[in-house]
Amino acid sequence: MPVKRALLQVLKGESLEVPPLWMMRQAGRYLPEYRESRKKAGSFLDLCYNPDFAVEVTLQPIRRFDFDASILFSDILVVPHALGRDLRFEEGRGPLMTPITADGVAALDGEKFHVNLEPVYETVRRLRRELPEKTTLIGFCGAPWTVATYMIAGHGTPDQAPARLFAYREPAAMAQLLQVLADHSAAYLIRQIEAGADVVQIFDSWSGVLDEATFEACCVKPVAEIVRKVRAVYPDVPIIGFPKGAGAQLDSYRQRTGVTGLGLDWTVPLSQAQRLQAGGAVQGNLDPLRLVVGGKALEEGVDAILEALGTGPLIFNLGHGITPETPVAHVEAMVRRVRKATGQ
């Protein structure tokens, strides 16, 4: 009998006594072994593109915490990098790119896209071989809007004003950029599934800065296009959408995009999460700062989510990525508390 993967069961609509558990950015700087690997790799991009390092850091949190899912270690900006855009990471500043112009959008080159990303696909192949059979392997990409915000500004900004201005001033170029990113992101996810990913997640970290009409054009439409293209090849592979900050627009996001599971950030009220759960699996949504503080704040946050959502299809996760200052002991405490029902 094949081993059941709990996260896949939930994405099919099952409710489990103990929800499957993983964390966004679970392979990261809060782990001393990650910091050691990062130092050996040299640069962050070398960490992403070297399968030896990428496999190692992906496996580190699985060894420590026995999470139910492992997410490929990479970065959302490898997609524009593979399309010929420059990319570098600086300590304290994050990703840096040359800002793209309307002319630059037309010049994006996908001829070597999959060749450039072959190291990522090799990482996925190795991970599926090395992970425990019960562990779900998650592939991912950034949503076109979020990736575009970095390409347009050249770096992260608090409210993504450069990308919003570009969308208003250059609507044709923005539409073209989102289409190129949707097409190539779908192809990227398909290759990850082909290499062994069981589930894929689409991260839209900056969806919350848009008004209703722009949200529809820049977030919903491109993600729906990715989902359509992936489903045309792999109709049964679940897709999780994580539109951070979408708020009231979450209620129709899943229906309009077609995603299987819905990732919720920590600002989503649990009453709204319960309504969303009636339509399928939800994922989230512990405030990452509760995990930093630990103790009562962590316990109350975990218990509230389990009480509100634990009887439906739930994937327990943070409402965004784990922060570097999080104590490892607090992660261990969270895992124990989520799994306490059966002593797993």
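**Close-up views of a predicted model**

**View 1. The open parallel sheet.** In this predicted model, seven strands are arranged as an open sheet with parallel pairing, and their order across the sheet is β1-β4-β5-β6-β7-β8-β9. The edges are formed by β1 (69-71) and β9 (314-318), each of which pairs on one side only. From one strand to the next, the twist averages 25°. Strands of a sheet pair through backbone hydrogen bonds, in either a parallel or an antiparallel manner.

**View 2. The pairing of β6 with β7.** Strand β6, which covers residues 239-243, runs parallel to strand β7, residues 261-263, and the two are joined over two bridges. Within this pair, Ile240 has Gly261 of β7 as its bridge partner.

**View 3. Two helices packed on the sheet.** Helix α12 (residues 212-233) packs on the sheet, where it touches β5 (199-204) and β6, and its direction makes about 165° with that of β5. Helix α14 (residues 270-277) also packs on the sheet, touching β7, β8 (282-286) and β9, with its direction at about 170° to that of β8.

**View 4. The chain as a whole.** The chain comprises 17 helices and nine strands, and its C-alpha atoms fill a box of roughly 60 × 45 × 40 Å along the principal axes. Because a compact globule of 344 residues would have a radius of gyration near 20 Å, the 19 Å of this chain agrees with such a form. Of the 344 residues, 57% count as buried, while the chain exposes about 14200 Å², of which carbon and sulfur atoms supply 51%. Among contacts with a separation of 6 or more, 74% are between residues 24 or more positions apart.

Methods: Residues are numbered from 1 along each chain as its sequence is written. This is a predicted model: local features need pLDDT of at least 70, side-chain atom pairs count only at pLDDT 80 or more; totals for chains, interfaces and linings use all residues. Side-chain values use heavy atoms; hydrogens and water are left out. Two strands pair if DSSP finds at least two bridges between them. Helices (H or I, at least four residues) and strands (E, at least two) are DSSP runs, numbered from the N terminus. Axes are lines fitted to C-alpha atoms, for helices over the stretch in contact, and angles run from 0 to 180 degrees between N-to-C directions. Contact means heavy atoms within 4.5 Å. The radius of gyration is taken over C-alpha atoms; the globule rule is 2.2 Å times the number of residues to the power 0.38. Buried means under 20% relative accessible area, exposed over 50%, partly exposed in between (1.4 Å probe, protein chains only). Accessible areas come from the Shrake-Rupley method with a 1.4 Å probe; for residues, only the protein chains shown count as cover.
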